[in-house]
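Thanks for making time this morning. I would like to walk you through one model, beginning with a single residue and then widening the view; please have the structure open as I talk.

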2 protein chains.
Amino acid sequence: MIQKINRLSLVEQVAEQMEQLIEQRQWKVGEKLPPEMELMEKFGVSRNTLREAIRALVHAGLLETRQGSGTLVRSTSVLGAALKRHVKKSTMLETLEVRFALEKQAAKMAAEHRTEEDLTKLEAIVSETKVASEKKDIDQFITSDIEFHKAIVQASGNQLLIDLYEHMTDLLYSFVHDFLAMQPSFQLEQGLHLNVLDAIQKQDQASAAMYVENDMEVLKDYISKMTEE
Amino acid sequence: MIQKINRLSLVEQVAEQMEQLIEQRQWKVGEKLPPEMELMEKFGVSRNTLREAIRALVHAGLLETRQGSGTLVRSTSVLGAALKRHVKKSTMLETLEVRFALEKQAAKMAAEHRTEEDLTKLEAIVSETKVASEKKDIDQFITSDIEFHKAIVQASGNQLLIDLYEHMTDLLYSFVHDFLAMQPSFQLEQGLHLNVLDAIQKQDQASAAMYVENDMEVLKDYISKMTEE
DNA sequence: CCATAAAAGTTGTAGGATGATTGGTACATA
DNA sequence: TATGTACCAATCATCCTACAACTTTTATGG
């Protein structure tokens, strides 16, 4: 078997290392990187080489440079940035449809594969949501709600699915926030949570998928009502 | 109205122009770009600036540089390249699961929204597949089969869904090719096609989704059999 | 204390020099 | 002819220095 020779350029080597530092959270989002001079010495490359690596990550959406100020971490994922640019051209509805397709599949798989750990986490989030609901703490309620959906997807065990879903959710965050804040009552949402959790506990794939689908219909109606006005 | 000054860096301006040239196919995939010297003059920037722009697109997967030879266009889509790197870390099964989640949603939406044009196209592909099957032209059969699946997704009308699906399909191309080539008989596949097409014609969303799901099960079984060996 | 100016720190852009790799050409040899 | 070698030209890779532009911090004068 002939293997292709892998001769990585210095720029690519530096970029790769920086990507890892970001992914491993050693360079945290929002944090400033050391100045170019320092990085040059640390990586042992010239300014040009270093700058080309930085520029590559800037273009990919991981970093952001500010002339005169510095370079900071903007995102931890290339896929997220690529999706973001793509999603900008799409409508909210299109994005939601894809997100729900992913969540529905995830719910089915979660019902099949969920571990005790997954269940514990889901239950914790549900009770958290309940508390927030009783306290009328809207922000906390919304945060918990989003966490619940993410937890379902995480229970699917499919990492690609998880990544895509989380990135799309992040992109839709402000929209979902507004939607939930506008809900007249929290009861509906809580009902959904209990139903889905129940189906996942019982490993009932069909029901899990169905409840998620019902949720989608509610959102779709909301959107069409909103666009009519 | 005061407008925020858009001070895009030279590098970003050059990168953006090059992306457009690629997207508009003025620079075609596989083609070599003019050498750096020439591009410097055309864009009116220094070598460093030009190289940073090129490097950004190289990292994004759109270009490829070969020392001593030149720079050539490698892909037309950022999303495709980002997915590709991500998918490398995922298993085939994970990728297929996501792809099917998208296709299932697409089938439902296609059943709802399909136009006469969509139906005509689907029918044409089905008969194309039939001819290939009778002629025992495996390559043509596989091509048609993939076209059929893509056409279903296209009939959904959701551009984000279409893009994601097509990129994932491209990534899985060799796998799908091998799978189909290994199928003992073509009848099964053709049955699926007719069933799905029928459901979409009748605008029966549930059936359309169901038939797609059946297809997924067949593939899953094949994979688990393959991984056991 | 505050406003302003100066200074220092940092990224942006330019231009030049050298090294490394590739592709092609000419030529000698068997 | 076929093959291998040496050489040359084109091209990208890397490094270096210098200066411009912008931001942040510090110093200064009232």
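**One arginine, then the DNA**

Let me begin with A:R74, which is partly exposed, with a relative accessible area of 46%; here buried means under 20% relative accessible area, exposed means over 50%, and partly exposed is in between, using a 1.4 Å probe and protein chains only. Please keep in mind that this is a predicted model, in which local features need pLDDT of at least 70 and side-chain atom pairs count only at pLDDT 80 or more, while totals for chains, interfaces and linings use all residues. Residues are numbered from 1 along each chain as its sequence is written, chains are lettered from A and ligands numbered from 1 in the order in which they are written, and side-chain values use heavy atoms, with hydrogens and water left out.

Where does A:R74 sit along chain A? It is in the loop between strand 2 (70-73) and helix 4 (78-88), where helices are DSSP runs of H or I with at least four residues, strands are runs of E with at least two, and both are numbered from the N terminus. Leaving aside neighbours within four places in sequence, A:R74 is in contact, meaning heavy atoms within 4.5 Å, with A:V29, A:G61, A:L62, A:L63 and A:E64. With A:E64 there is also a side-chain polar contact of 3.0 Å; by that term I mean a pair of N or O atoms within 3.5 Å, where within protein one must be able to donate a hydrogen and the other to accept it, and residues adjacent in sequence count only if both atoms are side-chain atoms.

Stepping back to the whole of chain A, there are 10 helices and 2 strands, and 51% of its 229 residues count as buried. Of the contacts in chain A with a separation of 6 or more, 69% are between residues 24 or more positions apart.

Now to the DNA. Strand D is surrounded by 24 residues, a residue being near if one of its heavy atoms lies within 4 Å, and the closest include A:N48 and B:R51. Of the strand D atoms within 4 Å of the protein, 70% belong to sugar or phosphate and the rest to bases. Among the base approaches, a side-chain N or O atom of A:N48 is 2.6 Å from a base nitrogen, and a polar side-chain atom of A:R47 lies 3.4 Å from a base nitrogen. From chain B, a backbone N or O atom of B:G68 lies 3.4 Å from a base oxygen of strand D.
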